[in-house]
Amino acid sequence: MKEAKDIVRAYRRYLKLERNFSENTLDAYLRDLDKLLVYLKAEGRDVHDVELNDLQTFAAQLHDVGIGPRSQCRILSGVRSFFRFLELDGYREDDPSELLESPVLGEHLPEVLSTEEVDQLEASIDLSKPEGQRNKAIIEVLFSCGLRVSELVNLKLSNLYIEEQYVRVMGKGSKERLVPISPRALKELDYWFMDRQQLKIKPGEEDYVFLNRRGAHLTRTMILIMIKRQAEEAGIQKTISPHTLRHSFATALLEGGADLRVIQALLGHESIGTTEIYTHIDVTTLREEILNHHPRNMKR
């Protein structure tokens with residue numbers, strides 16, 4: 001009978017190689033799993049003989065220590081994934097988490113910026129600063145393409161199809177998708193590329209679209225700090241992050257009349273349920289939908 005640490009190591013390999021999870025997702029899953037393992041150790045229980053009532057008591061404890069319903073759902077989803085793995089790989093003959101229920105969530109509407117607020121955010125940028133035009137281009141690309149911040153920081157020049165007005169995006173699970181990019185975003189990128197040419201770029205960083213002053217590609221934290229500071233500069237009271245611009249992209253399309261499955265494809269959501277918080281569609285349809293329904297493409 002293998003020890004828990006060996007099983008966790010095998011589970012990590014499974015998530016990385018078979019589920020194709022990124023390092024960030026892997027770390028999040030294992031952090032959540034560790035909460036369960038700490039609990040089981042304190043109770044003198046082993047993963048091989050855990051029963052449903054053990055997991056229900058663990059779930060109740062999450063509530064008792066003040067963990068919110070959404071975080072409880074995430075942790076319990078990870079617990080189910082772990083026990084499905086144990087059954088699949090023969091560590092157990094059953095899956096005790098099969099009937100484990102998560103707390104019911106109320107509808108959560110994330111913060112969204114209107115097109116006018118995005119304009120306000122961009123207008124507050126001091127373009128005389130070296131990073132000014134870069135930051136304006138970042139905000140515009142996030143809003144016009146609905147990218148995740150991890151997708152933005154890893155965006156390459158070789159992913160841009162300027163003539164065709166598309167961006168090739170490497171999403172979660174190394175899944176690629178093509179997203180149309182607005183003329184407004186391309187214009188801001190053009191201005192940024194003029195500034196970018198003045199940088200001394202570090203070897204190996206030449207293909208990244210967005211770079212810092214030292215010629216290296218940006219991190220997610222840098223983008224987060226920049227957007228929060230810019231929101232303060234713009235006098236926007238909402239609590240926003242790079243993800244707010246992604247939500248704003250989807251909301252703008254939805255309000256403009258775009259089909260929900262088109263939005264799902266553009267965002268790179270595996271499940272339509274994820275998109276329903278606020279199929280296969282050919283590229284021509286995607287382009288028509290975003291051109292017809294996103295405010296950056298509408299003639300005023």
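How many residues does helix 4 have, and how far does helix 4 reach from its first C-alpha to its last? In this predicted model, helix 4 has 20 residues and reaches 28 Å. That span is close to the 28 Å expected at 1.5 Å a residue. Helix 4 contributes a long list of buried positions: Gln72, Cys73, Ile75, Leu76, Gly78, Val79, Arg80, Ser81, Phe82, Phe83, Phe85 and Leu86. These buried residues pack against helix 1, helix 2 (23-43) and helix 3 (52-64). After helix 4 comes glycine 90, with a positive phi near 80°.

The packing of helix 1 on helix 4 was examined next. Two packed helices are described by the angle between their axes and the distance between the axes. The axes of helix 1 (residues 4-18) and helix 4 (residues 69-88) come within 11 Å and cross at roughly 100°. Helix 1 is therefore roughly perpendicular to helix 4. From helix 1, the contact draws on Ile7, Ala10, Tyr11, Tyr14 and Leu15. From helix 4, it draws on Gly78, Ser81, Phe82, Phe85, Leu86 and Leu88. By class, this contact has 9 nonpolar and 2 polar residues. No charged residues take part.

Helix 8 (residues 183-196) has 14 residues, which at 1.5 Å a residue should span 20 Å. Its end C-alpha atoms lie 19 Å apart, in agreement with that value. Ala185, Leu186, Glu188, Leu189, Trp192, Phe193 and Arg196 are buried in helix 8. Viewed down the axis of helix 8, the buried residues fall within an arc of 160°, so they line one face of the helix. They pack against helix 6 (132-145) and strand 1 (160-161).

Glutamate 140 lies in helix 6. Its relative accessible area is 0%, and glutamate 140 is therefore buried. Leaving out residues up to four places away in sequence, glutamate 140 touches Glu122, Ser182, Arg184, Ala185, Glu188 and Arg296. Two of these partners, Ala185 and Glu188, are among the buried residues of helix 8.

Helix 9 (residues 220-234) holds alanine 231, and glutamine 230 also lies in helix 9. Alanine 231 is buried, with a relative accessible area of 4%. Glutamine 230 is buried as well, at 9%. Both residues pair in space with positions far off in sequence. Alanine 231 and glutamine 120 are separated by 111 residues in sequence, yet their C-alpha atoms are 8.9 Å apart. Glutamine 230 and glutamate 122 are 108 residues apart in sequence and 8.2 Å apart in space, C-alpha to C-alpha. Beyond residues up to four places away in sequence, alanine 231 touches Leu121, Ile236 and Ile240. With neighbours within four places set aside, glutamine 230 is in contact with Leu121, Ser124, Ile125 and Ile139. Leu121 thus appears in the contacts of alanine 231 and in those of glutamine 230.

Backbone geometry was also considered. Most residues other than glycine have a negative phi. Asparagine 20 is not a glycine, but has a positive phi of about 60°. Asparagine 20 is found in the loop between helix 1 and helix 2. It is partly exposed, with a relative accessible area of 35%. Glutamine 165, another residue other than glycine, has a positive phi near 60°. Glutamine 165 lies in the loop between strand 1 and strand 2 (166-170).

Note on methods: Residues numbered from 1 in each chain as written. Predicted model: local features only at pLDDT ≥ 70, side-chain atom pairs only at ≥ 80, totals over all residues. Heavy atoms only, no water. Helix = DSSP H or I, 4+ residues; strand = E, 2+ residues; numbered from the N terminus. Expected span 1.5 Å × (residues − 1). Buried < 20%, exposed > 50% of the residue type's maximum accessible area, 1.4 Å probe, protein only. Arc of directions from axis to C-beta. Contact = heavy atoms within 4.5 Å. Axes fitted to C-alpha atoms, helices over the stretch in contact; angles between N-to-C directions. Parallel < 35°, antiparallel > 145°, perpendicular 65-115°, else oblique. Nonpolar A, V, L, I, M, F, W, Y, C, P; charged D, E, K, R; others polar.
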